[in-house]
Amino acid sequence: FGGDCADSLPPELQVAELVAGETEGEAVLFVRDRFAAVDGGDGPAALPPALIVPVLVRRPRSLHMVGMPPSVLLLATAECELTLADAYGLQLALPPTYEVTHVVSHPSVLTGEVVRAPDGRVLLRLVARQRGCAAVDV
């Protein structure tokens, strides 16, 4: 975020990575392939219209456990989705590079694992092993 222009990328470059950094904020990224000229009819070739990409950088402020049951039946499995939200409640994507850890107060009563579903969602899977009470901290 700072208005830098990268107009000299080599033509063989297929992917450009936008590194947002630590600062929260909003920006608009204008992308145009300057090597793909559009035929201007009788006049000179023109550049194609720019692709406008809004970019938001937000810090996670809370973790939501969506679908967490208040109790789990003995030997049953329960799953809930883990999502992040910013200070405004806007849901954030949970990047695959984020490590999500959890602690179960009594693992003999309740076991758990964090798994990533094929569609990219992050799930907390719990299994009740025996009768009792346990707390989960994510």
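1. Is P60 buried, partly exposed or exposed? In this predicted model, P60 counts as partly exposed because its relative accessibility is 34%, and partly exposed covers the range between under 20% and over 50%. The residue belongs to the loop that runs between β2 (51-57) and β3 (62-66). Once residues up to four places away in sequence are set aside, P60 touches L84, A85, L92 and Y98.

2. T83 offers a second point of reference for this region. The C-alpha atoms of P60 and T83 lie 9.7 Å apart, although the two residues are separated by 23 residues in sequence. T83 is part of strand β4. With a relative accessibility of 9%, T83 counts as buried, since buried means under 20%. Its contacts, not counting residues up to four places away in sequence, are S62, L63, H64, V66 and Q91.

3. The largest nonpolar core consists of 11 residues: C80, L82, L84, L92, L94, V104, L110, V122, L124, L126 and A128. Two elements, β4 (77-85) and β8 (122-128), each give two or more residues to this core. The most is given by β8, with four residues. L84, a member of this core, is also among the residues that P60 touches, and the same applies to L92, which is listed in the core and in the contacts of P60.

4. Which residues does L126 contact, leaving aside its neighbours within four places in sequence? They are M68, A76, T77, A78, L110, T111, G112 and V136. Of these contacts, L110 is itself listed in the largest nonpolar core.

5. The second largest pocket has a volume of about 300 Å³. Its lining comprises 16 residues, and those closest to the pocket centre are P70, S71, V72, L110 and G132. By residue class, the lining divides into 12 nonpolar, three polar and one charged. L110 therefore has a place in two descriptions, being a member of the largest nonpolar core and one of the residues closest to the centre of this pocket.

6. Charged pairs form the next topic. Side chains of opposite charge can pair when their charged atoms come close. The whole structure contains five salt bridges. One of them joins E79 and R125, with the closest N and O atoms 2.6 Å apart. This pair links distant parts of the chain, as E79 is in strand β4 and R125 is in strand β8, 46 residues apart. E79 counts as partly exposed at 39% relative accessibility, and R125 also counts as partly exposed, at 27%. A network of salt bridges links E79 and R125 with E113.

7. R121 takes part in a salt bridge with E81, for which the closest N and O atoms are 3.7 Å apart. Here too the pair links distant parts of the chain: R121 is in the loop between β7 (110-116) and β8, while E81 is in strand β4, 40 residues apart. R121 also forms a salt bridge with D119, and in that case the closest N and O atoms are 2.9 Å apart.

8. What is the relative accessibility of R121, and how does this residue count? The value is 35%, so R121 counts as partly exposed. Its partner D119, at 53% relative accessibility, counts as exposed, because the exposed class begins over 50%.

Key. Residues are numbered from 1 along each chain as its sequence is written. This is a predicted model: local features need pLDDT of at least 70, side-chain atom pairs count only at pLDDT 80 or more; totals for chains, interfaces and linings use all residues. Side-chain values use heavy atoms; hydrogens and water are left out. On a 1 Å grid over the protein atoms alone, a cavity is a set of points where a 1.4 Å probe fits but cannot get out, and a pocket is an open set with protein on both sides within 12 Å along at least five of seven lines; lining residues have an atom within 4 Å of a point. Grid points are joined across faces, edges and corners, and a volume is the space filled by probe spheres set on the points. Ala, Val, Leu, Ile, Met, Phe, Trp, Tyr, Cys and Pro count as nonpolar, Asp, Glu, Lys and Arg as charged, and the others, Gly among them, as polar. A nonpolar core is a set of buried Ala, Val, Leu, Ile, Met, Phe, Trp, Tyr and Cys residues joined through side-chain atoms within 4.5 Å. Buried means under 20% relative accessible area, exposed over 50%, partly exposed in between (1.4 Å probe, protein chains only). Contact means heavy atoms within 4.5 Å. A salt bridge is a side-chain nitrogen of Lys or Arg within 4 Å of a carboxyl oxygen of Asp or Glu.
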